[in-house]
Amino acid sequence: MTRILLSLLVCPFSFIVWAQEASITRNSNLRSGPDTTSKILKTLPAGTSVTIISRYPRQGYVRVHNASQDDTGWIFERNLTAAPSPEIAAEEVPANSFDDLVGDIRIYPDPHRTPGKADPTVTQANIAKNICNKNWSTDSVRPATSVTNKIKSETMEAYGFTDAANHYELDHLVSLQNGGCPDCVENLWPQAYGDSTHPMTQDQRYAWNRTHPNATTILAGSLEKDVVENHIHDEICFGIPNAKMSNYAKKYPATVGVTLKRGQQILSTDWFACYQNVMDGNKPCQ
């Protein structure tokens, strides 16, 4: 059974993301975040065609992409006239081979429920404008807690987790800082801080890791994946002038670059293999 599940985990998949075409009905400010205090990126004139890429509005704003100028930001929803909503495809992420998977199967999400999804507006061509830009923040795309709390409850039930909700982080399998879809349920799963025999809150896992450095008694979980997410981000942005680097960059500096697609592949298949590399003398994840 374990081998079957692992084989399913590495099946190739395409990222499909909800989207809705719309037209701007009046001159509107495109903002970096979903509120009036967020930076105005530009003003888009009435009649501009955009694609709504946030499934859930935040404070009356929706996240949109203007393909003609490759701009992404937030616009007041009432200033848009929307068409029926299709789905759009992002780049296909090729799968790792079976032999590349090194971790215990319990640390990976169910590939049927959580295959991972990318944000199609983040591309290799524009990462210097978003995830690698010092002025960009995951807060600019992160869903509201009213949305994520509901998704966390639903995904915990789907995964059959009945212990305390604070034993889990609602994790983006392809993380936001690496171009993951912000509000796609297929990219969100309840990742444990501890494991099934060692349930822990975030603070408890931090304390355990401090007092048991390099111990493997408890399976790797959310905090360990955070290390990978940051390291992959720095490898994706490696070589981009004046790029934004993670808080882990000093301790585990990137020494090579990877493409956006490859970084997303590592996260969606075998993030633990990258974790082992980083822990083993800060070897690169490629």
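Colleague: Which residues are linked with Asp 71 in a network of salt bridges?
Modeller: This is a predicted model, and what follows is computed from its atoms. Side chains of opposite charge can pair when their charged atoms come close. In the network of salt bridges that contains Asp 71, the other linked residues are Lys 42 and Lys 129.

Colleague: How many salt bridges does the count come to?
Modeller: A pair enters the count when a side-chain nitrogen of Lys or Arg lies within 4 Å of a carboxyl oxygen of Asp or Glu. Among the pairs are Asp 104 with Arg 106, at 2.9 Å from N to O, and Asp 139 with Arg 142, whose closest N and O atoms are 3.9 Å apart. By this rule the count comes to twelve salt bridges.

Colleague: Where in the chain are the two partners of the salt bridge between Asp 119 and Arg 63?
Modeller: The side chains of Asp 119 and Arg 63 meet at 2.7 Å, N to O, and both residues are buried. The pair links distant parts of the chain, 56 residues apart. Asp 119 is in the loop between β9 and α2, and Arg 63 is in strand β6 (residues 61-66).

Colleague: Is Arg 106, the partner of Asp 104, buried or exposed?
Modeller: The side chains of Asp 104 and Arg 106 meet in a salt bridge, and Asp 104 counts as partly exposed because its relative accessibility is 29%. For Arg 106 the relative accessible area is 55%, and the cut-off for the exposed class is over 50%. Arg 106 is therefore exposed.

Colleague: What class of accessibility does Arg 142 fall in?
Modeller: Arg 142 forms a salt bridge with Asp 139. Its relative accessibility is 35%, and the class between the cut-offs of 20% and 50% is the one that applies. Arg 142 therefore counts as partly exposed.

Colleague: How many disulfides does a search of the whole structure find, and what is their pairing in sequence order?
Modeller: One disulfide joins Cys 132 to Cys 237, another is formed by Cys 181 and Cys 184, and a further one joins Cys 274 to Cys 285. A search of the whole structure finds three disulfides. With the bonded cysteines of the protein numbered in sequence order, the pairing is 1-4, 2-3, 5-6.

Colleague: How many residues apart in sequence are the parts tied together by Cys 132 and Cys 237?
Modeller: The two sulfur atoms are 2.0 Å apart, and the link is left-handed, with -85 degrees about the S-S bond. Cys 132 lies in the loop between β9 (87-89) and α2 (145-159), whereas Cys 237 lies in the loop between α4 (222-236) and α5 (260-268), so the parts tied together are 105 residues apart.

Colleague: Is the link of Cys 181 and Cys 184 left-handed or right-handed?
Modeller: Cys 181 and Cys 184 are both buried, and their sulfur atoms are 2.0 Å apart. The angle about the S-S bond is 65 degrees, and the link is right-handed.

Colleague: Where does Cys 285 lie relative to helix α6?
Modeller: Cys 274 and Cys 285 are joined with an S to S distance of 2.0 Å, and their link is right-handed, with 90 degrees about the S-S bond. Cys 274 lies in helix α6 (residues 271-279), so the pair ties together parts that are eleven residues apart in sequence, Cys 285 being in the segment after α6.

Colleague: Which helix gives the most to the lining of the largest pocket?
Modeller: The largest pocket holds about 760 Å³ of space and is lined by 28 residues, of which Asn 209, Asn 214, Glu 224, Tyr 275 and Met 279 lie nearest its centre. The lining divides into 16 nonpolar, six polar and six charged residues. At least two lining residues come from each of α3 (202-211), α4 and α6. The most, five residues, come from α3.

Colleague: What is the volume of the largest cavity?
Modeller: The count comes to one cavity of 30 Å³ or more. Residues lining the largest cavity include Arg 63, Trp 74, Val 141 and Asp 183, and by class the lining has seven nonpolar, one polar and three charged residues. The volume of the largest cavity is about 80 Å³.

Terms used. Residues numbered from 1 in each chain as written. Predicted model: local features only at pLDDT ≥ 70, side-chain atom pairs only at ≥ 80, totals over all residues. Heavy atoms only, no water. Disulfide = S-S within 2.5 Å. Helix = DSSP H or I, 4+ residues; strand = E, 2+ residues; numbered from the N terminus. Buried < 20%, exposed > 50% of the residue type's maximum accessible area, 1.4 Å probe, protein only. 1 Å grid on protein atoms, 1.4 Å probe; cavity = no way out; pocket = protein on both sides within 12 Å on 5 of 7 lines; lining within 4 Å. Points joined across faces, edges and corners; volume = space filled by probe spheres on them. Nonpolar A, V, L, I, M, F, W, Y, C, P; charged D, E, K, R; others polar.
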